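Reader: I would like a close look at one part of this model, with the cut-offs stated as you go.

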Amino acid sequence: MSRSEAAPPRRRRRWLRRVAGNRLLIIGHEASRSGSPKVLLEIVRWLAENTTYDITLVHAEGGPLVTEFERYVSKVKVTNEPAFRRASQLAEKASHLPHM
């Protein structure tokens, strides 16, 4: 997208006002200090600082970043339910498949 096609700053601010009061559920596979949980933490931090979403976060497994996530969301739930872990494991395996 070229610079001339980018939305003007005013338009972006209106978008942020439109999301006011909405709830957001984010699901993560774990809260370790590895790559994807750190990226998710940055996304959650940005959302918390730039929107008024009421954010709830569910992780399949806990980890050291749970306390970091708690700074930015209204609720963090760590579940050890087998079905949730299996879905997380399938997603992990699928991410390693070659792209067609």
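Which backbone atom lies 3.4 Å from a polar atom of the side chain of Thr51? Please go on from there to the helix before Thr51 and the salt bridges.

Author: It is the backbone nitrogen of Tyr53. The model is predicted, so local features need pLDDT of at least 70 and side-chain atom pairs count only at pLDDT 80 or more, while totals for chains, interfaces and linings use all residues. Residues are numbered from 1 along each chain as its sequence is written, and side-chain values use heavy atoms, with hydrogens and water left out.

Thr51 sits in the loop between α2 and β2; helices (H or I, at least four residues) and strands (E, at least two) are DSSP runs numbered from the N terminus. A polar atom of the Thr51 side chain also lies 2.6 Å from the backbone oxygen of Leu47. A polar contact is a pair of N or O atoms within 3.5 Å; within protein, one must be able to donate a hydrogen and the other to accept it, and residues adjacent in sequence count only if both atoms are side-chain atoms. Thr51 has 8% relative accessibility and therefore counts as buried (buried is under 20% relative accessible area, exposed over 50%, partly exposed in between, with a 1.4 Å probe and protein chains only).

Leu47 is also one of twelve residues in the largest nonpolar core, a set of buried Ala, Val, Leu, Ile, Met, Phe, Trp, Tyr and Cys residues joined through side-chain atoms within 4.5 Å. α2 (35-50), β2 (54-59) and α3 (66-70) each give two or more residues to this core, and α2 gives the most, with four.

Helix α2 also holds charged pairs. A salt bridge here is a side-chain nitrogen of Lys or Arg within 4 Å of a carboxyl oxygen of Asp or Glu. Glu42 and Arg45 form one, with the closest N and O atoms 3.0 Å apart; these two residues are three apart in α2, about one turn of the helix. Arg45 also meets Glu49 in a salt bridge at 2.7 Å, N to O. Because Arg45 and Glu49 are four residues apart in α2, about one helical turn separates them. Glu42, Arg45 and Glu49 are thus linked in a network of salt bridges. Each of the three counts as partly exposed: Glu42 at 41%, Arg45 at 25% and Glu49 at 49%.

The whole structure has three salt bridges, including one between Arg71 and Glu68 at 3.4 Å, N to O. Arg71 is exposed, with a relative accessible area of 59%.
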